[in-house]
Amino acid sequence: MSDFNQTPIANRLHIGIFGKINAGKSTLLNIITGQSLSIVSPIRGTTTDPVSKAMELYPVGPVQITDTAGLDDDSALGRQRRGKSLDILDRTDLAVIIIAGDGAELSSETELFSLASARGIPTIVIRNLRSGETDSGRPAAFDGASYLSVDLLGDPSAATAVKSFISANAPLDFERLSLAGHLVNPGDHVLLVAPQDIQAPKGRLILPQVQMLRDLLDNGAIATIITDAQLEQALESLPRPDLVICDSQVFDKVNRILSPDIRLTSFSVLFAGFKGDIDLLVSGANAIGNLHDGDRILVMEACTHHRQCGDIATEKLPGAIRKATGKTLAFEVCSGSDSPPELSGFALVVHCGGCMINRRLFLTRIAAAREKGVPVTNFGIAFAKTGGILDRIVY
């Protein structure tokens, strides 16, 4: 059973460990966590797939640390393993590059450093000294990166040193602090409308609803959660809400019932602001009105789940866009946190709220679309646009 007291992986600061085979990446993960999570061996290519660990790193807080395969893996599957390592870089808030003590050849490490720098990812460098090796100083190729030299295996104080070094360089503003704190004041009454339809999991709320409830409580708001079928009764029997947050798929129904002077938004819209560039996503929704027959639209979900009748990504969202435009459109859906398909050729990308991925990966996906000149928006924003109520939505 999962621990509901733990910070969700998507809300943790992600630390990626990169370097060549046998540079000391797995050793670093093990001494930071105090556990033997990664196998340490002189045999080349021992770490073949990313190994992750969620933990608390004082004083940073909740983090997710990932050990990756060697950047110089030249085995039969080396290219695929390096691809997985670059997938980890896409979601990394702090990159840690491990270089061997001699630092004789650093082309793989400097290439990754350049990639991280181009994406605005803070990067630090740790030189792993072995017995008898001396520190020759930070290589010029890593100018601008914080640097530490330490014997990871032989120095008993290595664990303390590297944890302090990582903590000192960790970006502390990696996530907007609140989902809805900018919209509510202490004592405000917030009504959450959460349909419990066939897609709702039995016996529990979905992650966005749980996180939103906690966020509102942290901001001193009074939160009430209901289904869409209970909305009219709730408006009659409960205090007037200062804000209504609904599931995007019931935007139209809630808008028809709700007084125009009551602020309205959705879980998906607020997560889009929490994770990404909300103004860019709102602007991207304008592309819906410019679609043509035959245009391809990519629908991106950050999680994978069993699809049922009335699925949002494959049925409700495409249906809403087709109805609003009157066009014959081709929709493609990709799910999960791996790299999306080539974006060239798509007229629009519509991304989910991103509750299952961290802010860095969400921003990376938005940037990938922007680089290809493809407009990108969000599920909730798209539903509001097709329903003609985008101007009413607060975010």
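**Helix packing, nonpolar cores and local backbone features**

Leaving aside neighbours within four places in sequence, Leu112 is in contact with Phe18, Leu71, Leu86 and Ile97. This residue belongs to helix α3, which spans residues 107-118. In the predicted model, Leu112 has a relative accessible area of 2% and is therefore classed as buried, the cut-off being under 20%. The C-alpha atom of Leu112 is separated by 9.4 Å from that of Ala95, a residue 17 positions apart from Leu112 along the chain.

The protein comprises 395 residues, of which 51% are buried. Its secondary structure amounts to 12 helices and 14 strands. Among contacts with a separation of 6 or more, 72% are accounted for by residues 24 or more positions apart.

The largest nonpolar core contains 56 residues, and within this core Phe251, Val254, Leu264 and Ile321 touch the most other members. When residues up to four places away in sequence are not counted, Leu264 touches Leu243, Val244, Cys246, Phe251, Val254, Asn255 and Leu258, together with Ile389, Arg392, Ile393 and Val394. Two of the residues that touch the most other core members, Phe251 and Val254, thus appear among the contacts of Leu264. Apart from this core lies another, of 25 residues, which includes Ile17, Ala23, Met55 and Ala158.

Ala158 also takes part in the packing of two helices, α1 and α4. Two packed helices are described by the angle between their axes and the distance between the axes. Helix α1 (residues 25-33) packs on helix α4 (residues 158-169) at an angle of about 90°, and the two axes are 9 Å apart. The angle falls between 65 and 115 degrees, so α1 is roughly perpendicular to α4. On the α1 side, the residues involved are Leu28, Ile31 and Ile32, which meet Ala158, Ala159, Val162, Lys163 and Ile166 of α4. By class, the contact of α1 with α4 consists of 7 nonpolar residues and 1 charged residue, with no polar residues.

Helix α5, formed by residues 207-218, has 12 residues. The distance from its first C-alpha to its last is 16 Å, close to the 16 Å expected at 1.5 Å a residue. Its buried residues are Pro208, Gln209, Gln211, Met212, Leu213, Asp215 and Leu216. An α-helix has 3.6 residues a turn, so residues three or four places apart point the same way. The buried residues of α5 pack against three strands, β7 (189-193), β8 (222-226) and β9 (243-246), and against helix α8 (267-275). Just after α5, Gly220 adopts a positive phi of about 75°.

The axes of α5 and α8 cross at roughly 70° and come within 11 Å. This crossing angle makes α5 roughly perpendicular to α8. The contact involves Pro208, Gln209, Gln211 and Met212 of α5, and Phe267, Leu270 and Phe271 of α8. Of the residues in the contact between α5 and α8, 5 are nonpolar and 2 are polar, whereas none is charged. The four contributing residues of α5 are listed among the buried residues of that helix.

Local backbone features were examined in the loops. The peptide bond from Tyr58 to Pro59 is cis, with omega near 0°. Pro59 is located in the loop between β2 (51-57) and β3 (61-67). Asn22 has a positive phi of about 65° although this residue is not a glycine. The position of Asn22 is in the loop between β1 (13-19) and α1. With 33% relative accessibility, Asn22 counts as partly exposed, because this value lies between the 20% and 50% cut-offs.

Two further positions illustrate opposite accessibility classes. Leu13 is situated in strand β1, and at 0% relative accessibility this residue counts as buried. The C-alpha atoms of Leu13 and Gly61 are separated by 8.2 Å, although the two residues are 48 residues apart along the chain. Gly388, by contrast, lies in the segment after α12 (379-386) and is exposed, with a relative accessible area of 65%. A distance of 8.9 Å separates the C-alpha atom of Gly388 from that of Asp252, and these residues are 136 residues apart along the chain.

Definitions and conventions. Residues are numbered from 1 along each chain as its sequence is written. This is a predicted model: local features need pLDDT of at least 70, side-chain atom pairs count only at pLDDT 80 or more; totals for chains, interfaces and linings use all residues. Side-chain values use heavy atoms; hydrogens and water are left out. The expected span of a helix is 1.5 Å times one less than its number of residues. Buried means under 20% relative accessible area, exposed over 50%, partly exposed in between (1.4 Å probe, protein chains only). Contact means heavy atoms within 4.5 Å. Axes are lines fitted to C-alpha atoms, for helices over the stretch in contact, and angles run from 0 to 180 degrees between N-to-C directions. Angles under 35 degrees count as roughly parallel, over 145 as roughly antiparallel, 65 to 115 as roughly perpendicular and the rest as oblique. Ala, Val, Leu, Ile, Met, Phe, Trp, Tyr, Cys and Pro count as nonpolar, Asp, Glu, Lys and Arg as charged, and the others, Gly among them, as polar. A nonpolar core is a set of buried Ala, Val, Leu, Ile, Met, Phe, Trp, Tyr and Cys residues joined through side-chain atoms within 4.5 Å.
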